[in-house]
Amino acid sequence: MTMKAIRVHEFGGPEKLLLEELPQPKPGAGEILVQIKAAGVNPVETYQRDGKYPSLPKLPWTPGNDGAGIVHSVGSGVKSVKPGDRVYLAGSSTGTYAEYSLSTEAQIHPLPAKITFQQGAAIGIPYGTAYRALFQRAKSLPNEVVLINGASGAVGLAAVQLARAYGMIVIGTAGAEEGLSLVEKNGAHYALNHSADNLAERVGNITQIRGKQGPDVIIEMLANKNLAKDMQMLGRHGRIVVVGNRGNVEINARDIMAKDGAILGMSLPYASDSEKASIYSALGAALEIGAANPVVAMEYSLKDASQAHKDIIERSSHGKLVLLP
């Protein structure tokens, strides 16, 4: 049996993503083979493809950790799922940019009937990242004010939904009117243009209404552009969690010292097994009750993976980009 899959034989630009015919994987002990109905595209996969990421895959390589589909077959010892089950993937050993993908039992999670496969492909990294940033790194609490900088992307919208469901006061930023509308529609109490000259003033006014001198938590998607400003806006004892960064940044450390605050980095792959189990258990409940409702921005055929890689970096995405094998 063969399958179609994207392969990268050498690091470089989007043109290095090649559609090829490969042998269909077979599950070993503790493994699950999923027929992929939709695969999620994430910025990290573009950095890996470029060869500009701290941990690089061994070539040739099929990208992708996010996906959703139907269990095709299982290896010995697997008890949590059976062939025919609808699932989403939060990790893959063979890559999800393919018609079939292998995962361990811990990486496979039930996909509620009301969640589409395309939405399922938007869960693993975006919602896992949002949950870890908000609750495992920032240790957010209900009634705290959170500023989500870059709230119209896949991770940002996930953070908006989860923070709102948890009882936080949510400020989300975006650029175009379409993005601002989407941020508000997904639960933000306030949607602000991140390019506005008076952004800091507006955030300050909102937090003063809530009896605070700045946000308790800031989730930052583009630290190289915003971190210095975040430190100035942050409330006393506040926490900034850096989710994304695309370059160097110059900061004045006194700005964070004066707030008795903290800047926290995060990387989802560094979460422990128990932390990941907590993340996806919580997300399972959020999906079931509708607190989490993934937004899909654009769909591409598998052969157009290179275009998806261009778009996720060059265009402002309002939700998740997915591939349809």
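In the predicted model, Asp-255 touches Met-231 and Gln-232, when residues up to four places away in sequence are not counted. Asp-255 itself belongs to helix α8, which covers residues 253-257. Its relation to a further part of the chain was also computed: Asp-255 and Ser-181 are 74 residues apart along the chain, and their C-alpha atoms are separated by 32 Å.

Helix α8 is followed by a loop that leads to strand β13 (262-265), and Asp-260 is placed in this loop. The backbone of Asp-260 has a positive phi of about 50 degrees, although Asp-260 is not a glycine. Asp-260 has a relative accessible area of 53%; because exposed means over 50%, Asp-260 is classed as exposed.

A positive phi also occurs at Lys-139, where the angle is near 50 degrees in a residue other than glycine. Lys-139 comes just after α3, in the loop between α3 and β8 (145-149). The relative accessible area of Lys-139 is 56%, so this residue too is exposed. Helix α3 presents a contrasting picture: 13 of its 14 residues are buried, and the helix is therefore largely enclosed by the rest of the structure.

Lys-139 is one of the residues touched by Arg-239. Arg-239 is located in strand β12, which comprises residues 239-242. With a relative accessible area of 15%, Arg-239 falls under the 20% limit and is therefore buried. Leaving out residues up to four places away in sequence, the contacts of Arg-239 include Ala-138, Ser-140 and Glu-144. Other contacts of Arg-239 are made with Asp-216, Val-217 and Ile-218, as well as with Leu-234, Ala-262 and Leu-264.

A second buried residue is Ser-92, for which the relative accessibility is 13%. Ser-92 lies in the loop between β5 (86-90) and β6 (100-104). Two polar interactions of its side chain were identified. The side chain of Ser-92 reaches the backbone nitrogen of Gly-95 at 2.8 Å, and it makes a polar contact at 2.5 Å with the side chain of Ser-101. Ser-101 also appears among the contacts of Ser-92 that remain once neighbours within four places in sequence are set aside; the others are Gly-64, Asn-65, Leu-102, Ser-103 and Gln-107.

One feature of the backbone concerns a peptide bond. The bond from Leu-59 to Pro-60 is cis, with omega near -5 degrees. Pro-60 is found in the loop that runs between α1 (43-50) and β4 (66-74).

Empty space within the structure was then examined. Such space is revealed by rolling a probe the size of a water molecule over the atoms. The search of the whole structure found one cavity of 30 Å³ or more. The volume of the largest cavity is about 40 Å³. Two elements, α3 (124-137) and α4 (154-165), give two or more residues to the lining of this cavity. Of the elements, α4 gives the most, with three residues. The lining of the largest cavity includes Pro-126 and Tyr-127, together with Ala-154, Leu-157 and Ala-158. Also in the lining are Ala-122, Gly-153, Pro-294, Val-295, Gly-319 and Lys-320. By class, eight of the lining residues are nonpolar, two are polar and one is charged.

The second largest pocket has a volume of about 210 Å³. Its lining consists of 13 residues, and those nearest the centre of the pocket are His-194, Ala-196, Leu-199, Ala-200 and Lys-229. Helices α6 (199-209) and α7 (223-233) each supply at least two residues of this lining. The largest share, six residues, comes from α7. In the lining of the second largest pocket, four residues are nonpolar, five are polar and four are charged.

Methods: Residues are numbered from 1 along each chain as its sequence is written. This is a predicted model: local features need pLDDT of at least 70, side-chain atom pairs count only at pLDDT 80 or more; totals for chains, interfaces and linings use all residues. Side-chain values use heavy atoms; hydrogens and water are left out. Helices (H or I, at least four residues) and strands (E, at least two) are DSSP runs, numbered from the N terminus. Buried means under 20% relative accessible area, exposed over 50%, partly exposed in between (1.4 Å probe, protein chains only). Contact means heavy atoms within 4.5 Å. On a 1 Å grid over the protein atoms alone, a cavity is a set of points where a 1.4 Å probe fits but cannot get out, and a pocket is an open set with protein on both sides within 12 Å along at least five of seven lines; lining residues have an atom within 4 Å of a point. Grid points are joined across faces, edges and corners, and a volume is the space filled by probe spheres set on the points. Ala, Val, Leu, Ile, Met, Phe, Trp, Tyr, Cys and Pro count as nonpolar, Asp, Glu, Lys and Arg as charged, and the others, Gly among them, as polar. A polar contact is a pair of N or O atoms within 3.5 Å; within protein, one must be able to donate a hydrogen and the other to accept it, and residues adjacent in sequence count only if both atoms are side-chain atoms.
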